[in-house]
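Here is a short, friendly tour of one protein model for your next coffee break. Have the sequence and the 3D view open as you read.

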Amino acid sequence: MPFLDVSDVLLDPDFCDTTLVCTRSAQAVGADGLASNAQTTLPFFGVVTAGTGNNLVRTPVGEYADGDILIITKFRLQVAGNGNDADVVAWNGATYTVTKVNNYSTYGAGFVWAVCTLLPLGGG
């Protein structure tokens, strides 16, 4: 087991953002064969850094903003799977969907490194 423990940095008020909110949607299929989502809102904390930043994308049919952020946290963010949709994170007035998670749960106290992509995709 690696000994790298980033807990001190993740909890340091100079780096830690305590305003993050995760919306997790669990999907179940009812007796009628239709799927329904049950959403849970979970506040969490982590270190947020710029990914690619916000970028203007122009296409023949219009333009839209695209971009992502990186979040390092002890909270177990997740992409879609096992009956769940991908987590949606609210931060700094925008919403992002979790598109990639690197699990470092064996490093010290454990953490995840997640790429979160700006929503709505292709909007505009």
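What follows covers the nonpolar core, the aromatic rings and the cysteines.

This is a predicted model. Its largest nonpolar core has 15 residues, the structure holds 5 aromatic pairs, and the disulfide count is 0.

**The nonpolar core**

- Among the 15 residues of the largest nonpolar core, the ones that touch the most other members are Leu-20, Phe-44, Ile-69, Ile-71, Leu-77, Val-89 and Cys-116.
- At least two residues of this core come from each of the strands β1 (17-29), β2 (35-59), β3 (62-73), β4 (88-91), β5 (94-104) and β6 (111-118).
- The strand that gives the most to this core is β6, with 4 residues.
- Phe-44 is a good place to start exploring: leaving aside residues up to four places away in sequence, Phe-44 touches Asp-17, Thr-18, Leu-20, Val-21, Cys-22, Ile-71, Thr-73, Phe-75, Leu-77 and Val-89.

**The aromatic rings**

- The structure has 5 aromatic pairs, and one of them joins Trp-91 and Tyr-96 in a tilted arrangement, with 6.5 Å from centre to centre and 50 degrees between the planes.
- Both partners have low enough values to count as buried: Trp-91 has a relative accessible area of 18%, and Tyr-96 has one of 5%.
- Tyr-104 and Phe-111 form a stacked pair, because their ring centres are 5.1 Å apart and their planes meet at 25 degrees, an angle under the 30 degrees that limits stacking.
- Tyr-104 is partly exposed at 28% relative accessible area, whereas Phe-111 is buried at 8%.
- Ring pairs also bring Tyr-107 into the picture, linking Tyr-104, Tyr-107 and Phe-111 into a cluster.

**The cysteines**

- How many disulfides does the model contain? The count is 0.
- Cys-16 takes part in no disulfide, and the nearest cysteine sulfur to its own, in Cys-116, is 15 Å away.
- Cys-16 is buried, with 17% relative accessibility.
- Why is Cys-116 without a bond to Cys-22? The sulfur of Cys-22 is the closest cysteine sulfur to that of Cys-116, but the two are 8.9 Å apart and therefore too far for a bond; a disulfide needs the sulfur atoms within 2.5 Å.
- Cys-116 is buried, with a relative accessible area of 0%, and Cys-116 is also among the core residues that touch the most other members.

Key
Residues are numbered from 1 along each chain as its sequence is written. This is a predicted model: local features need pLDDT of at least 70, side-chain atom pairs count only at pLDDT 80 or more; totals for chains, interfaces and linings use all residues. Side-chain values use heavy atoms; hydrogens and water are left out. A nonpolar core is a set of buried Ala, Val, Leu, Ile, Met, Phe, Trp, Tyr and Cys residues joined through side-chain atoms within 4.5 Å. Buried means under 20% relative accessible area, exposed over 50%, partly exposed in between (1.4 Å probe, protein chains only). Contact means heavy atoms within 4.5 Å. Rings of Phe, Tyr and Trp (its six-membered ring) pair if their centres lie within 6.5 Å; planes under 30 degrees apart count as stacked, over 60 as edge-to-face and the rest as tilted.
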